[in-house]
Amino acid sequence: VQLQASGGGLVQAGGSLRLSCGASARTFSSSTMGWFRQAPGKEREFVAAIGWSGDPTYYADSVKGRFTISRDNAKNTVYLQMNGLTPEDTAVYYCAADPLKGMTIARYDYWGRGTLVTVSS
């Protein structure tokens, strides 16, 4: 499975971005997908995850109510809608497929290249 994340960029605090992650494999529709992020000097952390059917969804407490994960299995794509961005959301965001442990743990079988999100104050 090859994953390609896109949609990052520079945004002012309070703004919004939508990240997309396209997958190459036809098995995407049966894969649990996750978004993680890594800020400079910090460990990679869980952001959101979604089951193969779109349910269940899980969010880190820090993004709950601001971010929404969704997927379109017909397009082999998972999305992360990010609203109310703050400078603390600045990080490289990674999408991942097929968790090896729990959905919120950064041990997935496949990882995409990250996309940088920078939020200015």
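A salt bridge is a side-chain nitrogen of Lys or Arg within 4 Å of a carboxyl oxygen of Asp or Glu. With this rule in hand, the reader may begin at Arg37 and Asp89, whose side chains meet in a salt bridge with N and O 2.9 Å apart. Arg37 belongs to strand S4, whereas Asp89 sits in the loop between strand S8 (77-82) and strand S9 (91-99), so this pair ties together parts that are 52 residues apart in sequence. The structure is a predicted model, and every value given here is computed from it.

Asp89 has a further partner. Arg66 also forms a salt bridge with Asp89, and the closest N and O atoms are 2.7 Å apart. Since Arg66 lies in the loop between strand S6 (57-59) and S7, and Asp89 in the loop between S8 and S9, the pair ties together parts that are 23 residues apart in sequence. Arg37, for its part, forms a salt bridge with Glu45, where the closest N and O atoms are 2.6 Å apart. Through shared partners, the salt bridges join Arg37, Glu45, Arg66 and Asp89 into one network. The count for the structure comes to 4 salt bridges.

How buried or exposed are the members of this network? A residue counts as buried when its relative accessible area is under 20%. Arg37 is therefore buried, at 5% relative accessibility, and Asp89 is buried as well, with a relative accessible area of 1%. Glu45, with a relative accessible area of 35%, is partly exposed.

Arg71, in strand S7 (residues 67-72), presents another case. Arg71 is buried yet has no salt bridge, and the nearest side chain of opposite charge, that of Asp98, is 7.7 Å away. What lies around the side chain of Arg71? One of its polar atoms lies 2.8 Å from the backbone oxygen of Phe28, and the backbone oxygen of Ser31 lies 2.7 Å from a polar atom of the Arg71 side chain. Arg71 also lies over the face of Phe28, at 4.5 Å from the ring centre. Among the other residues that Arg71 touches are Met33, Trp52, Val78 and Tyr79. A charge placed over a ring is found again at Arg44, which lies over the face of Tyr94 at 3.8 Å from the ring centre.

Aromatic rings also pair with one another, and a search of the whole structure finds 4 such pairs. The rings of Phe36 and Phe46 have centres 5.7 Å apart and planes at 70°, so this pair is edge-to-face. Phe36 lies in strand S4 (residues 33-38) and Phe46 in strand S5 (residues 45-50), so their pairing ties together parts that are 10 residues apart in sequence. Both Phe36 and Phe46 are buried. Ring pairs link these two residues with Tyr108 and Trp111 into a cluster.

The last stop is the backbone. Most residues other than glycine have a negative phi, and most peptide bonds are trans. Asn76, in the loop between S7 and S8, has a positive phi of about 50° although it is not a glycine. Asp98, in strand S9, likewise has a positive phi, of about 65°. At 17% relative accessibility Asn76 counts as buried, while Asp98 counts as partly exposed at 23%. Finally, a cis peptide bond with omega of about 0° joins Asp55 and Pro56, and Pro56 is found in the loop between S5 and S6.

Conventions:
Residues numbered from 1 in each chain as written. Predicted model: local features only at pLDDT ≥ 70, side-chain atom pairs only at ≥ 80, totals over all residues. Heavy atoms only, no water. Helix = DSSP H or I, 4+ residues; strand = E, 2+ residues; numbered from the N terminus. Buried < 20%, exposed > 50% of the residue type's maximum accessible area, 1.4 Å probe, protein only. Lys, Arg positive; Asp, Glu negative; His and termini not counted. Polar contact = N/O pair within 3.5 Å; in protein donor to acceptor, adjacent residues only side chain to side chain. Contact = heavy atoms within 4.5 Å. Phe/Tyr/Trp six-rings, centres within 6.5 Å; stacked < 30°, edge-to-face > 60°. Lys NZ or Arg CZ within 6 Å of the ring centre and 35° of its normal. Lists of a residue's contacts leave out its neighbours within four places in sequence.
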